[in-house]
Every structure is written in structure tokens, then in C-alpha cells.
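Got the viewer open? Keep the selection box handy, and we'll walk through the model one stop at a time.

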Amino acid sequence: MGSSLTCTGVIWALLSLLCAAASCVGFFMPYWLLGTQMDKPVSFGTFRRCSYPVRDEERQATVMLEQCGRYASFHGIPSLEWRICTVVTGVGCGLLLLVALTALMGCCISDLISRTIGRVAGGIQFVGGLLIGSGCALYPLGWDSEEVQQTCNNSSDQFQLGSCQIGWAYYCTGAGAAGAMLLCTWLSCFAGKKQKQYPY
């Protein structure tokens with residue numbers, strides 16, 4: 001069992017896995033935007049939220065339920081921009097994960113990744129990183145939604161955080177995308193071994 005990757009290709013495979021993992025973890029975690037509501041910490045992702053108000057019928061009051069979950073439906077996501085961001089970022093993460101797993105298989109299977117396949121994989125990584133970057137750029141357009149404004153002391157607007165702050169998951173997602181676009185795409189050009197020419 002031999003590798004179809006050069007030494008640079010092995011570094012590319014490992015870095016591809018790292019970038020894909022960073023983007024996927026950041027995308028899934030609901031810590032893109034951090035704020036407070038009713039003196040409780042609240043955080044948002046693109047399709048998940050931690051801490052949300054519920055009506056307590058016994059006390060006849062609204063209380064904060066401190067747990068994380070995803071929105072009940074796709075249309076439950078607070079803004080159209082966040083729905084688009086969820087789809088675009090999810091597709092980008094899927095592409096990065098697909099290439100990373102293929103690259104890892106190239107470490108163990110000979111003749112899986114040629115120079116041409118490596119370059120195509122790098123192109124797919126660039127597109128995946130571009131989609132994730134687009135999702136990250138779209139995310140602030142949803143800061144004017146009612147849910148976010150309630151959390152940010154009614155002072156947030158598009159590209160204005162108000163009293164909220166950007167969370168670690170947003171940076172993690174963006175860093176994974178940047179690494180995939182800049183480093184992985186470049187390394188992929190040197191990842192595959194030249195294929196042997198067989199005389200027939």
C-alpha cells in the first residue's frame with residue numbers, strides 16, 4: 001500500500017483536514033455572535049442559538065431558558081441573510097470536508113491523486129473557501145433582526161454590533177476558509193505525484 005502524494009501532498013492533506021475541521025466546527029457551534037438578554041448570556045450561530053426567552057405559565061412571566069438548540073424550522077432562522085448564510089456556508093464546509101477526506105485517502109492509496117486531480121481538488125477547496133467566506137460576509141446583514149436587537153440592547157443594525165460581540169466560532173469558520181483558499185489551494189498544485197506512463 002503506497003501513497004499517491006508527495007511530501008508536500010501529505011502536508012496538504014493534513015492542512016486540508018485541519019482547515020475543514022475548523023470551518024465545520026465553527027459552522028456548527030452557536031457562538032458566532034455573543035450578547036445578553038435579561039441578564040443571561042445569549043449566543044447565536046447561523047442556524048442555532050443558546051439561551052432563549054420562553055413564557056412561564058406558572059409565574060406568568062417570560063424567563064430565559066439556558067440551553068442550546070437549533071431553530072425549529074429553516075424559516076425559523078431570524079433573517080433571510082442568515083438562511084442564505086447557512087446554506088452557502090454549509091455547502092462550502094461540505095466541499096472542504098470532501099476534499100480533505102479524499103486527500104487523506106491519497107496518503108494510503110497509490111494512484112488516487114495525480115497532479116491533475118490535486119489541482120482540481122485545490123480548485124474545489126478554493127470554491128469551498130469562497131462560499132464560506134461569502135457566508136461570513138453575509139452574516140452581519142442579519143444583525144438588524146428583532147432577535148439580535150433584543151440581545152444587543154436594541155442598538156444593533158447591519159454591520160453594527162451594538163452591545164454584542166463576535167464570538168470565537170465566527171473567527172474559527174473564517175480562519176478555516178482562509179487557510180483552505182490561500183494555503184491548501186497553493187499546496188494542492190504540488191500534492192500529486194506524476195503518473196507513470198505505461199507503454200501499450
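Select serine 43 and cysteine 50: serine 43 stands opposite cysteine 50, and the cysteine belongs to strand 3. This is a predicted model, so treat every stop on the tour as a prediction. Now widen the selection to the two strands around that pair. Strand 2 and strand 3 (residues 48-56) run antiparallel and are joined by two bridges. To get from strand 2 to strand 3, follow the hairpin, which takes three residues to do it.

**Back to strand 1**

Keep serine 43 highlighted and add leucine 34. Leucine 34 faces serine 43 across the pairing with strand 2. Select residues 33-37 for strand 1 and residues 40-44 for strand 2; here you'll find five bridges between antiparallel strands. Another pair to click is threonine 36, which sits opposite proline 41 in strand 2.

Which residue in the turn has a positive phi? Methionine 38, at about 55°, in a hairpin that leaves two residues between strand 1 and strand 2. For context on that sign, most residues other than glycine have a negative phi.

**Along strand 3**

Next, put serine 51 on screen, a residue of strand 3. Serine 51 isn't a glycine, but its phi is positive, near 70°. Buried or exposed, would you say, for serine 51? Buried: the relative accessibility of serine 51 is 6%, and the cut-off for buried is under 20%.

Move on to aspartate 56, also listed in strand 3. With a relative accessible area of 17%, aspartate 56 counts as buried. Show its contacts, skipping neighbours within four places in sequence, and aspartate 56 touches Ala61 and Val63.

**Over to strand 4**

Select 61-70 to bring up strand 4. How many bridges join strand 3 to strand 4? There are eight, and the two strands run antiparallel. For a pair to zoom in on, try arginine 55, which stands opposite threonine 62 in strand 4.

Then click glutamine 60, in the loop between strand 3 and strand 4. The hairpin here has four residues between the strands, and glutamine 60 has a positive phi near 55°. Like serine 51 before it, glutamine 60 is a non-glycine residue with a positive phi.

**The whole sheet**

Color by strand and step back. What order do the strands take in the sheet? The order is 4-3-2-1-5, in an open sheet of five strands with antiparallel pairing. At the edges are strand 4 (61-70) and strand 5 (165-166), each pairing on one side only. In general, strands of a sheet pair through backbone hydrogen bonds, so switch those on if your viewer draws them.

**A stop on helix 2**

Select residues 80-108 for helix 2, and pick out leucine 98 in it. With 51% relative accessibility, leucine 98 counts as exposed, given that the cut-off is over 50%. Now draw a distance from leucine 98 to leucine 17. Their C-alpha atoms are 9.6 Å apart, while the two residues are separated by 81 residues along the chain.

**Zoom all the way out**

Clear the selection and show the full chain as a cartoon. You should be able to count five helices and five strands. Walking from the N terminus, the elements come as α-β-β-β-β-α-α-α-β-α. The radius of gyration is 21 Å, whereas the globule rule gives 16 Å for 200 residues, so the chain is more spread out than a compact globule. Turn on the principal axes and the C-alpha trace spans about 80 × 30 × 25 Å along them.

A contact map is worth a look as well. Take contacts between residues at least 6 apart in sequence, and 66% of them join residues at least 24 apart.

Finish with the surface. The accessible surface comes to about 10,600 Å², and 64% of that belongs to carbon and sulfur atoms. Of the 200 residues, 40% count as buried. Then color by charge: the chain carries 12 positive and 11 negative charges, and the mean positions of the two sets lie 21 Å apart.

Notes
Residues are numbered from 1 along each chain as its sequence is written. This is a predicted model: local features need pLDDT of at least 70, side-chain atom pairs count only at pLDDT 80 or more; totals for chains, interfaces and linings use all residues. Side-chain values use heavy atoms; hydrogens and water are left out. Two strands pair if DSSP finds at least two bridges between them. The radius of gyration is taken over C-alpha atoms; the globule rule is 2.2 Å times the number of residues to the power 0.38. Buried means under 20% relative accessible area, exposed over 50%, partly exposed in between (1.4 Å probe, protein chains only). Contact means heavy atoms within 4.5 Å. Accessible areas come from the Shrake-Rupley method with a 1.4 Å probe; for residues, only the protein chains shown count as cover. Lys and Arg count as positive and Asp and Glu as negative; His and the chain ends are not counted. The place of a charge is taken as NZ of Lys, CZ of Arg, CG of Asp or CD of Glu.
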